[in-house]
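Biologist: Please choose one residue of this model and take me slowly through its surroundings, explaining each term as you go.

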Amino acid sequence: MTYVIGLPCVDVKDRACVDECPVDCIYEGERMLYIHPEECIDCGACEPVCPVEAIYYEDDLPDEWKKYQAENERFFSETLPGLDGPLGSPGGAAKLGLVPADTPLVTALPFQTS
C-alpha cells in the first residue's frame, strides 16, 4: 500500500508534502508531484500538510481519482516523453530535482486553476 497524489496537485505543486516526507519519495514532474510507490513507507506525513487535499491513502482515493494511482506508478516505470528511459527507483527525489516530464494523462489535461 502507498499514498497517491491526485488531480488537485496538477499545476499547483505546493511542495509542503515534499518538506514533510521523511524518505524523500515525492518527485516533481513538470505539472504535478508523484509519490514513488516502492519508496513510500506509508507514514502519512504528507497527507495532512497538502493544502489542496490531493494526497490520499490508495484505498481512500475518491473514485474519480483512482486512475492517478496508476499514473504515480507510470511516472517511474515507463519512459516518458522527453526522457531517455524510465526513472525506476532513483533513491530520493532531492538529488534528482525537477523531472522535465509528466505522464501522458497529466500532460493532456487542460491547465488547472485553483
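**A close look at K13**

Modeller: K13 counts as buried because its relative accessibility is 17%, where buried means under 20% relative accessible area, exposed over 50% and partly exposed in between, with a 1.4 Å probe and protein chains only. This is a predicted model, in which local features need pLDDT of at least 70, side-chain atom pairs count only at pLDDT 80 or more, and totals for chains, interfaces and linings use all residues. Residues are numbered from 1 along each chain as its sequence is written, and side-chain values use heavy atoms, leaving out hydrogens and water.

The mean pLDDT (the predictor's confidence in each residue, from 0 to 100) of the protein is 94, and 98% of its residues reach 70 or more.

K13 sits in the loop between β1 and α1, the strands being DSSP runs of E with at least two residues and the helices runs of H or I with at least four, numbered from the N terminus. A polar atom of the K13 side chain lies 2.9 Å from the backbone oxygen of G29. Setting aside residues up to four places away in sequence, K13 is in contact (heavy atoms within 4.5 Å) with E28, G29, E30, R31, M32, L33 and L98.

One of these partners, M32, leads further inward: leaving aside its neighbours within four places in sequence, M32 touches K13 and also, among others, I5, Y27, Y68 and V106. M32 is, with I5, I26, I35 and I55, among those that touch the most other members of the 32-residue largest nonpolar core, a set of buried Ala, Val, Leu, Ile, Met, Phe, Trp, Tyr and Cys residues joined through side-chain atoms within 4.5 Å. To this core β1, α1, β2, β3, β4 and α2 each supply at least two residues.

Terms used:
A polar contact is a pair of N or O atoms within 3.5 Å; within protein, one must be able to donate a hydrogen and the other to accept it, and residues adjacent in sequence count only if both atoms are side-chain atoms.
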